[in-house]
Amino acid sequence: MGQTILVVEDEASIITLLEYNLSKAGFDVASATDGEKGMELAEKQQPDLVLLDLMLPKMDGLEVCKQLRRQNKRLPIIMLTAKDDEFDKVLGLELGADDYITKPFSPREVVARVKAVLRRSHVFSDRSERDEEEETVMKIGDMEIYPLRYEVFMNGEIVDLTPKQFELLVYLAENKGRVLSREQLLNAIWAFDYTGDTRIVDVHVSHLREKFETDKKNPGYIKTVRGFGYKLEAPQ
């Protein structure tokens with residue numbers, strides 16, 4: 001049995017299109033046409049990834065995303081939206097979505113995005129299953145990162161991060177002091193070509209700063225290098 005993709009979408013034609021192409025790519029597919037049914041199927045099927053429409057009857061996609069993330073912090077979620085609205089995309093990412101795709105989209109793009117998100121998720125899962133005794137704690141200022149335990153502490157207090165926020169933080173920490181371009185971060189964390197759309201990196205960096213920085217206008221940990229990207233370092 002292959003990996004299971006749950007499609008929560010109220011347009012029958014889109015469900016049919018996604019079911020055909022995802023099945024052809026080797027995935028098992030379950031589908032729901034409203035938010036409440038999507039939540040029920042997610043609990044019953046325990047999917048490997050959810051494709052979640054933003055505009056749904058009974059329970060909208062943002063609320064479904066919020067509840068799914070509350071139940072399972074590591075479940076990959078890709079949001080589908082017919083709106084080219086920055087607010088909706090940012091809010092979806094803030095609530096825990098790993099990625100978003102704007103309609104209309106090509107089936108090839110969806111399959112590629114699904115594979116990319118699952119690949120990153122699998123790599124991270126493999127790392128977390130290793131013997132914790134092998135783990136090296138990454139200490140940067142008052143921050144302590146445990147990559148294999150999937151935990152980060154700030155001043156001794158655990159910090160709650162979404163999967164993509166955690167992966168981004170670990171990657172920045174692994175390259176401490178090194179300036180990384182938005183394109184490098186996209187390739188490393190999202191493993192997909194987001195040519196011309198680096199906003200997803202900026203959104204996640206902004207959320208990380210909200211968790212760690214006492215002064216977000218003058219961040220001490222995640223520094224912006226104008227015209228290039230970001231770097232993580234201990235505050236001076």
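**Exercise 1. Is Lys-103 buried or exposed, and what is its relative accessible area?**

Solution. The structure is a predicted model, in which local features need pLDDT of at least 70 and side-chain atom pairs count only at pLDDT 80 or more, whereas totals for chains, interfaces and linings use all residues. Residues are numbered from 1 along each chain as its sequence is written, and side-chain values use heavy atoms, with hydrogens and water left out.

Step 1: the classes are buried for under 20% relative accessible area, exposed for over 50% and partly exposed in between, with a 1.4 Å probe and protein chains only. Step 2: Lys-103 has a relative accessible area of 14%, so Lys-103 counts as buried.

**Exercise 2. Determine which residue Lys-103 meets in a salt bridge, and where the two partners lie.**

Solution. Step 1: a salt bridge requires a side-chain nitrogen of Lys or Arg within 4 Å of a carboxyl oxygen of Asp or Glu. The side chains of Lys-103 and Glu-11 satisfy this, with an N to O distance of 3.9 Å. Step 2: the pair links distant parts of the chain, 92 residues apart, since Glu-11 belongs to the loop between β1 (4-8) and α1 (12-24) and Lys-103 to the loop between β5 (99-102) and α5 (107-128). Here helices (H or I, at least four residues) and strands (E, at least two) are DSSP runs, numbered from the N terminus. Step 3: unlike buried Lys-103, Glu-11 is partly exposed at 37% relative accessibility.

**Exercise 3. Describe the salt bridge between Glu-109 and Arg-113, then place it among the other salt bridges.**

Solution. Step 1: the closest N and O atoms of Glu-109 and Arg-113 are 3.1 Å apart. Step 2: both residues lie in helix α5, where a separation of four residues corresponds to about one turn of the helix. Step 3: Glu-109 is partly exposed at 24%, while Arg-113 is buried at 8%. Step 4: another salt bridge joins Lys-231 to Glu-233, with closest N and O atoms 3.6 Å apart, and Glu-233 is buried at 16%. Salt bridges with shared partners also join Glu-9, Glu-11, Asp-53 and Lys-103 into one network; the count for the model comes to ten salt bridges.

**Exercise 4. Work out the strand order of the open sheet that contains β7, and say which strands stand at its edges.**

Solution. Step 1: two strands pair if DSSP finds at least two bridges between them. Step 2: four strands follow the order β6-β7-β8-β9 with antiparallel pairing. Step 3: β6 (138-140) and β9 (157-158) each have a single partner strand, so one side of each is left without a neighbour in the sheet. Step 4: β7 (residues 143-146) and β8 (residues 151-154) pair over four bridges, and Glu-144 stands opposite Phe-153 in β8.

**Exercise 5. Characterise the surroundings of His-204.**

Solution. Step 1: His-204 is found in helix α8 (residues 199-212) and is buried, with a relative accessible area of 1%. Step 2: taking contact as heavy atoms within 4.5 Å, and not counting residues up to four places away in sequence, His-204 touches Leu-93, Ala-97, Lys-164, Gln-165, Leu-168 and Trp-190. Step 3: Gln-165 is 39 residues from His-204 along the chain, yet their C-alpha atoms are separated by 6.1 Å. Step 4: for the protein chain as a whole, 51% of the 236 residues count as buried.
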